[in-house]
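Reader: I would like to go through some of the labels used for this structure and ask what each one rests on.

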Amino acid sequence: MKIETLVKMANDIGNFFNAESNKDIAAEGVSKHILRSWHPKMRREIIAYCKEDGSALSELARTAINKLDQA
Amino acid sequence: MSINKQQDFGTPASAATQLVTLEIDGFKVTAPVGTSIMRAAASIGIDIPKLCATDSIEPFGSCRLCVVQIEGGRGMPASCTTPVAEGLKVVTQNKSLADVRRGVMELYISDHPLDCLTCSANGDCELQDMAGAVGLREVRYNPIETHLDAVKDESNPYFSFDPSKCIVCSRCVRACEETQGTFALTIDGRGFDSKVSPSQNEAFMDSECVSCGACVQACPTATLMEKSVIDHGQPEHAIITTCAYCGVGCSFRAEMKGEQVIRMVPNKDGQANHGHSCVKGRFAFGYATHKDRMTKPMIRASIKDAWQEVSWEVAINHAASELKRIQAKYGKDAIGGITSSRCTNEEVYIMQKLIRAGFGNNNVDTCARVCHSPTGYGLKQTFGESSGTQDFDSVMKADVIMVIGANPTDGHPVFGSQMKKRLRQGAKLIVIDPREIDLVRNSPHVQANHHLKLRPGTNVALINAIGHVIITEKLMDEAFVKERCDIASFAKWETFIAQEHNSPEATESVTGVPATELRAAARLYATGNNGAIYYGLGVTEHSQGSTMVIGIANIAMATGNLGRDGVGVNPLRGQNNVQGSCDMGSFPHEFPGYRHVSDPATHKLFEAAWQAELSDEPGLRIPNMFDAAMDKNFMGLYCEGEDIAQSDPDIQHVHAALRSMECVIVQDIFLNETAKFAHVFLPGSSFLEKSGTFTNAERRISPVRKVMTPLAGYQDWEVTQLLSNAMGYPMNYSHPSEIMDEIASLTPTFAGVSYDKIDELGSIQWPCYDEDSVGTPIMHEDSFMRDNGKGLFMLTEYVPTIERSSRKFPLLLTTGRILSQYNVGAQTRRTENNAWHAEDRLEIHPHDAEDRGVKMDDWVGIKSRAGETVLRATITERVQPGVVYTTFHFPESGANVITTDNSDWATNCPEYKVTAVQISKVNQPSEWQEKYRAFSETQLDLLEQGTSNS
């Protein structure tokens with residue numbers, strides 16, 4: 001799947017949870033949402049991108065995907 | 001079987017709880033206060049003659065046939081307009097009454113054609129019945145002037161109006177007013193000149209008539225008569241079933257002659273529609289036997305090849321072997337399926353079961369992905385369940401009705417009529433929509449108190465501003481919040497929503513809605529007693545669709561407008577079984593009953609029941625499937641009842657994805673747009689050819705019953721079962737009731753549902769937890785369905801969509817649908833409904849049209865960053881400057897050529913409602929339209945080549 005699509009999806013999810021002032025809770029929200037709604041292959045691809053580059057991800061999305069990787 | 005006509009009690013039932021007892025013809029009868037003597041008599045089997053009375057409309061007292069005598073009373077009052085009272089003694093039959101009735105009938109018949117034997121109403125004519133009932137034996141009058149030469153109006157494609165047979169009882173006029181709320185009919189003239197007049201003496205088709213059929217239903221003679229009855233005669237048996245169009249889910253009597261449907265008559269006992277209908281459900285059923293129906297299975301190796309008709313066995317085995325081949329070559333996850341809201345619950349259930357247990361993955365999705373998936377997400381998060389909170393009847397207790405991004409009079413017409421009735425009774429109305437829908441000021445005796453005409457894409461800013469007013473002006477229901485909601489989440493939301501950037505004054509420049517107007521609307525909703533919200537795809541089909549649903553839930557909880565009659569959050573579902581298809585586990589991350597596939601207990605339950613190893617990971621959503629297909633990772637698709645090649649956004653991408661797959665299996669009643677990309681075609685069955693259930697927008701599970709033999713030999717659930725067995729996953733259901741029994745055994749909210757109970761009650765609203773339960777009309781009465789029982793407030797920051805107007809694309813396109821056509825139009829385009837709407841058109845404001853030199857009916861090019869199409873222009877002030885609007889019922893219109901891949905953050909529901917476009921005057925179709933026409937013609941040729949020998 002195009003990484004640009006996955007990055008946009010992750011950033012859009014991050015935009016919703018960004019309203020939460022506690023960024024740990026926000027990142028947890030993003031991470032959980034991706035875990036519960038993305039096909040595992042899509043998760044693997046975004047995690048790989050985040051590790052290799054990740055520059056197009058928002059800060060919150062990047063934090064969340066790192067959490068996802070460690071889960 | 002028999003026609004089993006429904007009893008007509010003459011006048012509507014009284015809702016009063018106080019009872020009185022009276023005596024009619026010597027029999028004691030007890031009835032609620034407000035009941036008419038006519039109805040009380042009918043309830044004990046005494047039929048008082050009547051003509052102008054029928055129980056779907058208020059009594060009128062004009063025909064004088066229903067006169068009675070009351071002991072101690074004067075004269076002969078009409079029993080339809082005289083209410084019961086304690087101790088009354090009523091006589092319905094004596095010589096005086098009989099003389100009066102015979103005299104009345106004599107007058108009626110003196111100006112009525114005596115052609116009973118050749119009349120279309122012969123056998124179903126109340127005038128004929130009454131002539132018999134009163135013992136009319138002669139007509140002494142020889143009138144010098146009659147109406148017998150009055151000219152018929154045949155303009156409506158579905159019914160005829162023959163004024164020579166009219167008795168001017170006004171039932172049609174009153175039905176149009178009271179039941180439908182259109183006020184298209186009137187009695188024109190006085191005395192002998194009195195006649196029923198559509199609009200100002202116009203033909204029905206030129207009047208405001210919306211062809212709902214209420215007048216035809218109410219007519220006691222052959223004056224207003226279905227043309228199908230005129231052509232074929234009276235039906236001889238009737239079967240109760242449920243409409244296959246919108247999410248209102250009207251109950252109908254399919255009135256039959258053998259296996260031929262003569263007419264669809266709305267069921268008076270239907271709990272969703274109470275005997276009302278719209279032009280689609282009532283009349284547009286001819287598609288089921290249209291010449292385009294596909295009745296033979298077909299296969300082909302490539303979409304460049306001609307189709308080959310084959311036996312069911314060959315088609316099913318070929319489909320199964322292709323799916324297995326693809327899995328062997330590309331992996332287990334390389335195939336999947338798409339279900340539809342047009343399928344029954346049972347069909348959807350076994351489809352997702354086949355995919356999860358037979359395919360071995362969770363790559364199942366449904367068309368709710370592109371409509372109400374944000375509803376599922378938003379309401380599950382906040383209230384704990386993915387459904388609306390009320391029954392339709394709840395609207396009759398609403399004091400303030402807020403309609404957001406919905407057009408009930410077009411999209412959900414029968415409920416729209418009920419809503420209009422409540423509005424005429426005095427309920428206040430707030431409309432939030434970029435476009436002026438009919439409810440704003442184009443419905444008789446209905447006018448919105450506030451129309452918040454926002455810019456497309458700014459819903460969340462607007463709902464936040466409403467929340468801001470509720471909180472900062474202290475209009476919330478503190479007791480409700482304290483008792484029923486998660487307090488910590490409320491505290492967070494309260495702080496967030498009170499921030500200045502959410503105020504109406506701050507959001508005005510974003511939404512375009514004046515702050516004073518918004519404040520007034522917010523105050524009305526919060527303080528006007530029962531506040532009920534109804535919303536549609538104008539809420540969900542946005543990049544912040546889920547956020548908006550959450551925002552709606554937030555303000556409903558904050559004002560305590562939940563958990564009782566007259567309030568609530570009510571998503572109006574587009575198709576007949578959107579709610580049901582979602583309930584049945586057709587999303588890739590949820591088992592039936594909205595339980596996540598990773599939930600250990602649920603996972604274990606289904607593995608044990610289905611005797612299969614199941615994945616506990618989410619599968620691919622529809623757009624993910626398309627993207628994966630382009631990467632050669634998703635190569636086989638089983639698509640039932642859904643036309644993704646027309647209905648999904650950024651259609652050129654969808655077509656490319658379908659072309660890249662190695663096996664596309666389409667199960668449908670027509671060779672739809674998706675089937676033009678298919679390798680296997682499995683002919684489906686229409687709703688008239690199968691049994692099952694549909695679940696409407698109010699969670700009402702209603703029966704769908706087979707009234708004719710499936711044209712292709714199998715019901716759809718049987719086809720899926722055949723495929724499953726060929727795939728090596730055995731299914732052995734012998735009737736859909738067995739599928740429902742399995743659903744009930746595995747899904748707590750359906751535990752008490754069974755076909756026997758549905759037959760007994762007519763329908764059941766889930767949750768229905770056990771055998772004793774009769775269902776749940778109103779949800780969250782005592783607690784919410786979240787684990788802790790408390791409603792959850794969530795933060796809803798407004799995030800502007802990336803789809804913004806620019807110098808290149810300065811206008812915003814939004815989409816919707818029209819009364820006479822239905823979604824992709826596959827059904828309604830194959831009916832006479834095209835008489836009302838034969839093409840999709842672009843609505844454009846006069847200023848924008850003038851800027852571009854566009855005049856009424858001009859062809860205009862509509863260009864977005866995704867593509868370009870051409871439609872004819874309608875210039876109207878219904879849309880605001882800067883906004884254009886179209887419908888999407890015709891494939892050649894290519895509305896989805898221009899919509900983009902932008903989607904909701906939570907669910908990937910497409911942002912159909914906001915596309916930045918430029919409009920220009922053109923004189924030829926777009927390049928895409930030319931290509932589409934050529935491709936479509938080629939595919940029809942390939943069909944012709946394959947079927948010409950059959």
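Author: Go ahead, bearing in mind that this is a predicted model.

Reader: Why is B:Cys768 called buried?

Author: Buried means under 20% relative accessible area. B:Cys768 has 0% relative accessibility, so B:Cys768 counts as buried. The residue lies in the loop between strand E28 (764-765) and strand E29 (811-815) of chain B.

Reader: What does B:Cys768 touch, leaving out residues up to four places away in sequence?

Author: Contact means heavy atoms within 4.5 Å. The residues that B:Cys768 touches include B:Pro748, B:Phe750, B:Val753, B:Lys757 and B:Ser773. As for B:Phe383, its C-alpha is 18 Å from that of B:Cys768, with the two positions 385 residues apart in sequence.

Reader: Why does A:His39 count as buried?

Author: The cut-off is again under 20%. A:His39 is at 7% relative accessibility and therefore counts as buried. Its place is the loop between helix H2 (23-37) and helix H3 (40-52) of chain A.

Reader: Which residues is A:His39 in contact with, its neighbours within four places in sequence aside?

Author: They are B:Asp333, B:Asn363, B:Pro618, B:Gly619 and B:Leu620. Within chain A, the side chain of A:His39 reaches the backbone nitrogen of A:Lys41 at 3.1 Å.

Reader: How do you know that B:Glu642 has no salt bridge?

Author: A salt bridge needs a side-chain nitrogen of Lys or Arg within 4 Å of a carboxyl oxygen of Asp or Glu. For B:Glu642, the nearest side chain of opposite charge is B:Arg342, at 4.7 Å. That distance does not meet the cut-off, so no salt bridge is assigned to B:Glu642. B:Glu642 is nevertheless buried, in the loop between strand E23 (636-640) and helix H24 (644-647) of chain B.

Reader: What makes the approach of B:Glu642 to B:Ser340 a polar contact?

Author: A polar contact requires N or O atoms within 3.5 Å. The side chains of B:Glu642 and B:Ser340 make such a contact at 3.4 Å. B:Glu642 also touches other residues, among them B:Cys367, B:Gln575, B:Asp668 and B:Asn672.

Reader: Which strands of the sheet E9-E10-E11 in chain B are called edge strands, and why?

Author: This is an open sheet of three strands with antiparallel pairing. Strand E9 (237-242) and strand E11 (260-266) are the edge strands; each pairs on one side only. Neighbouring strands of the sheet are turned by 30° against each other on average, direction ignored.

Reader: What makes E10 and E11 of chain B a pair?

Author: Two strands pair if there are at least two bridges between them. Strand E10 (residues 251-257) and E11 have six, in the antiparallel sense, so they pair. B:Arg253, for one, has B:Val265 in E11 as its bridge partner.

Terms used:
Residues numbered from 1 in each chain as written. Chains lettered and ligands numbered in written order. Predicted model: local features only at pLDDT ≥ 70, side-chain atom pairs only at ≥ 80, totals over all residues. Heavy atoms only, no water. Helix = DSSP H or I, 4+ residues; strand = E, 2+ residues; numbered from the N terminus. Buried < 20%, exposed > 50% of the residue type's maximum accessible area, 1.4 Å probe, protein only. Lys, Arg positive; Asp, Glu negative; His and termini not counted. Polar contact = N/O pair within 3.5 Å; in protein donor to acceptor, adjacent residues only side chain to side chain. Axes fitted to C-alpha atoms, helices over the stretch in contact; angles between N-to-C directions.
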